[in-house]
Structure formats: C-alpha cells, structure tokens
Amino acid sequence: MFELYLKNEIIDTSLNLKPDGLSVILFVGVNGVGKTTTIAKIAHRLIKEEKKKVLLAAGDTFRAGAIDQLKVWGD
C-alpha cells in the first residue's frame, strides 16, 4: 500500500533533528498502527547510536495503556 501511495517516488525518511538544542517529534495516527512501538525504536536509536537525550511523553485519548507501554519501552 505504501509503495502504491508513493507511485515509485523516492522519499527521504531521515529525521530532521537540530544538531544542537531541542527537537520535537509528534506522532499522530489511528489505533493499532504501531505508533508506540515506532516511538520506542526511534528513541532507542537516538540514545544508543546518536548519543542523544530523549524524553518520552504519551497523550493517548483512547488507550491509557500507551503511557505504561512507553514507560516499559523507555526502561
């Protein structure tokens, strides 16, 4: 489906982070698409590979469990 949407276009999937200072990444999407898991994977990469400090915050209006899930992933 993703490939059909792109119609063979080349896209840049890198994150646009400031080299110094604060960067904010906002995730929005429908339930069950993997937002929380993706947030955890990106946080892991930023911490382990790029030596960045990461703060995870959850504001789930539907599933309060996302807060606990992010806490577990963060630990």
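**Fold order.** I read the protein along its sequence and noted the pattern α-α-α, with a secondary structure that comes to three helices and zero strands. I took helices (H or I, at least four residues) and strands (E, at least two) as DSSP runs, numbered from the N terminus.

**Ground rules.** I kept in mind that this is a predicted model, in which local features need pLDDT of at least 70 and side-chain atom pairs count only at pLDDT 80 or more, while totals for chains, interfaces and linings use all residues. Residues are numbered from 1 along each chain as its sequence is written, and side-chain values use heavy atoms, with hydrogens and water left out.

**Confidence.** I looked up pLDDT, the predictor's confidence in each residue from 0 to 100, and found an average of 82 for the protein, with 92% of the residues scoring at least 70. Among the elements, H2 has the highest mean pLDDT, 89, and H1 has the lowest, 72. I added a reminder that where pLDDT is low, the predicted coordinates should not be read in detail.

**Overall dimensions.** I found a radius of gyration of 14 Å for the protein, whereas a compact globule of 75 residues would have one near 11 Å; the radius is taken over C-alpha atoms, and the globule rule is 2.2 Å times the number of residues to the power 0.38. The C-alpha trace spans about 40 × 35 × 20 Å along its principal axes.

**Burial and surface.** I noted that buried residues make up 12% of the 75 residues, where buried means under 20% relative accessible area, exposed over 50%, and partly exposed in between (1.4 Å probe, protein chains only). The protein exposes about 7000 Å², of which carbon and sulfur atoms supply 57%; these areas come from the Shrake-Rupley method with a 1.4 Å probe, and for residues only the protein chains shown count as cover.

**Contacts.** Counting a contact as heavy atoms within 4.5 Å, I found that 41% of the contacts between residues at least 6 apart in sequence join residues at least 24 apart.

**Loop between H1 and H2.** I located Gly29 in the loop between helix H1 (2–6) and helix H2 (35–48), where Gly29 is partly exposed at a relative accessible area of 38%. The C-alpha atoms of Gly29 and Asp68 are separated by 19 Å, with these positions 39 residues apart along the chain as the distance in sequence.

**Loop between H2 and H3.** I placed Lys51 in the loop between H2 and helix H3 (65–74), and I marked its positive phi of about 55°, since Lys51 is not a glycine. Lys51 counts as exposed at 66% relative accessibility. Leu55 also lies in the loop between H2 and H3 and is exposed, with a relative accessible area of 79%. From C-alpha to C-alpha, Leu55 and Asp20 are 16 Å apart in space and 35 residues apart in sequence.

**Helix H3.** I looked up Ile67, which sits in helix H3 and counts as partly exposed at 45% relative accessibility. Ile67 and Leu56 are 11 residues apart in sequence, and their C-alpha atoms are 9.2 Å apart in space.
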